[in-house]
Amino acid sequence: MNRILFAAVLGLGLAFPSVAQDMEKAETGFELNGHSWIDQQAFIDSGARCAAKHPDAIDMARIDAALARWVAENGDFSTREAAVVIPVYFHVITNGSAGYLSSQDVAAQMNVLNDAYAGLGVSFNLVSTDYTNNAAWFTMAYGSTAESQAKNALRKGTASALNVYTANLGGGLLGWATFPWDYTKKPKMDGVVLLFSSLPGGGAVPYDEGDTGTHEVGHWMGLYHTFQGGCTSTNDSVSDTPAERSAAYGCPTGRDSCSGKRFPGLDPITNFMDYTDDACMDRFSAGQATRASNMWGSYRNGK
């Protein structure tokens, strides 16, 4: 490099540390589970953070209308005193040499879920853990034959049972989940799929504290991403999560992607249903708690 140009670039980096950090970030890229992206933004944009298939605006309106009718007919489920205890069936899929999770690993994930959902009046009870050695299932991708085969062979319980599948997901994916209204049409596909190294201490930095599980279970209970709908009045169908133009990553304190009087409030970057790093996430909103509770009452309770 020309010495004058090099000196100018070096000086720019010294004067503006963020520039130097951006240059370093561009050089190192972002890696997760053997996959590489130019940076973390590219990882987020790729859709690998969460492959849960969200409904379009028309279906969202239909689903919300159905939920409103159920609440009108049955009352707000969130006001009932009885706690919700969800039975959990854990399915650990390996290829014989990778993907194994100990009982301590599973227990750590269960603890993360119970801590995250305690404020919603929800707890999770591990019923059983089983182990399957199947190389094809181990690298399952969303919507794949391998996913269908694994779930049809392993799923246990009814609509009220949470089935968690761990594997080394294809395409660099962290996880995905089905929504409660999907159960009737495809009951065997119901559940949550997680990258095995996203469990606490698993090594999928910065998504290695178990909150991919928290996030995907949120979908399983009827919650959308906080950035669903972008800067719109409906957003994620929850009134107390500020509108968010796009998914956040890292932990961008003070981010305000839908600014102005129409969209008050900073982006909910600490919410479990955003895309921020596990260390950044720590809460659900009261509105999300109410929605999840009523979704449970409508689609899963006693079924």
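## A histidine cluster, a mixed sheet and two helices

The side chain of His219 sits 3.2 Å from the side chain of His215, making a polar contact. That's a handy place to drop into this structure, which is a predicted model, so keep that in mind as we go. His219 belongs to helix α8, and with a relative accessible area of 0% it counts as buried. What does His219 touch, leaving aside residues up to four places away in sequence? The list runs through Cys50, Ala52, His54, Ala177, Thr178, Phe179, Pro180, Tyr224, His225 and Met273.

One of those neighbours, His54, deserves its own stop. You'll find His54 in the loop that links α3 (40-46) to α4 (57-74). Is His54 buried or exposed? Its relative accessibility is 19%, and the cut-off for buried is under 20%, so His54 counts as buried. Its side chain has polar company too: a polar atom of the His54 side chain lies 3.2 Å from the backbone oxygen of Ala52, and a 3.4 Å polar contact joins the side chains of His54 and His225. Beyond four places in sequence, His54 touches Phe179, His219, Tyr224, His225 and Gln228. Put that beside the His219 list and you can see Phe179, Tyr224 and His225 turning up in both.

Follow the chain on from that loop and you get to α4. At the start of this helix, a side-chain oxygen of Asp56 reaches to within 3.2 Å of the backbone nitrogen of Ile58. How well does the length of α4 fit a rise of 1.5 Å a residue? Its 18 residues should span 26 Å, and the end C-alpha atoms are 26 Å apart, so the two agree. Met60, Ile63, Leu67 and Trp70 are the buried residues to look at in α4. They cover an arc of only 90 degrees around the axis, which puts them on the same side of α4. On the face turned away from that buried side, α4 carries the exposed residues Ala57, Ile58, Arg62, Ala72 and Glu73. The packing partner for the buried residues of α4 is α9 (286-300). After α4 comes Gly75, with a positive phi near 90 degrees.

Now for the sheet. Five strands make up an open sheet in the order β4-β3-β5-β7-β6, and the pairing is mixed. At the edges are β4 and β6 (175-177), each of which pairs on one side only. From one strand to the next, the twist averages 20 degrees.

You can trace the mixed pairing strand by strand. β3 and β4 run parallel and are joined by 11 bridges; in that pair, Ile86 has Phe124 of β4 as its bridge partner. Further along, β5 (residues 162-167) and β7 also run parallel, with four bridges between them, and here Val164 is partnered with Val192 of β7. Then the direction flips: β6 and β7 run antiparallel, joined by three bridges, with Trp176 matched to Val193 in β7.

β7 is worth a closer look. In a regular strand the side chains alternate between the two faces of the sheet. In β7, Val192 and Leu194 point one way while Val193 and Leu195 point the other, and all are buried.

So what lies against this sheet? One helix to pull up is α5, which lies across β3, β4 and β7 and runs at about 155 degrees to β4. The 15 residues of α5 (residues 103-117) should span 21 Å at 1.5 Å a residue, and its end C-alpha atoms are 21 Å apart, which agrees. In α5, Val106, Gln109, Met110, Val112, Leu113, Ala116 and Tyr117 are buried. Looking down the axis of α5, these buried residues fall within an arc of 155 degrees, so they line one face of the helix. The other side of α5 has Ser103, Gln104 and Asp115, which are exposed.

What covers that buried face of α5? The cover includes β3 (84-94), β4 (122-133), β7 (192-195) and α8 (211-220). That last element brings us back to where we started, since α8 is the helix that holds His219.

Conventions: Residues are numbered from 1 along each chain as its sequence is written. This is a predicted model: local features need pLDDT of at least 70, side-chain atom pairs count only at pLDDT 80 or more; totals for chains, interfaces and linings use all residues. Side-chain values use heavy atoms; hydrogens and water are left out. Buried means under 20% relative accessible area, exposed over 50%, partly exposed in between (1.4 Å probe, protein chains only). A polar contact is a pair of N or O atoms within 3.5 Å; within protein, one must be able to donate a hydrogen and the other to accept it, and residues adjacent in sequence count only if both atoms are side-chain atoms. Contact means heavy atoms within 4.5 Å. The expected span of a helix is 1.5 Å times one less than its number of residues. The arc is that of the directions from the helix axis to the C-beta atoms. Two strands pair if DSSP finds at least two bridges between them. Axes are lines fitted to C-alpha atoms, for helices over the stretch in contact, and angles run from 0 to 180 degrees between N-to-C directions.
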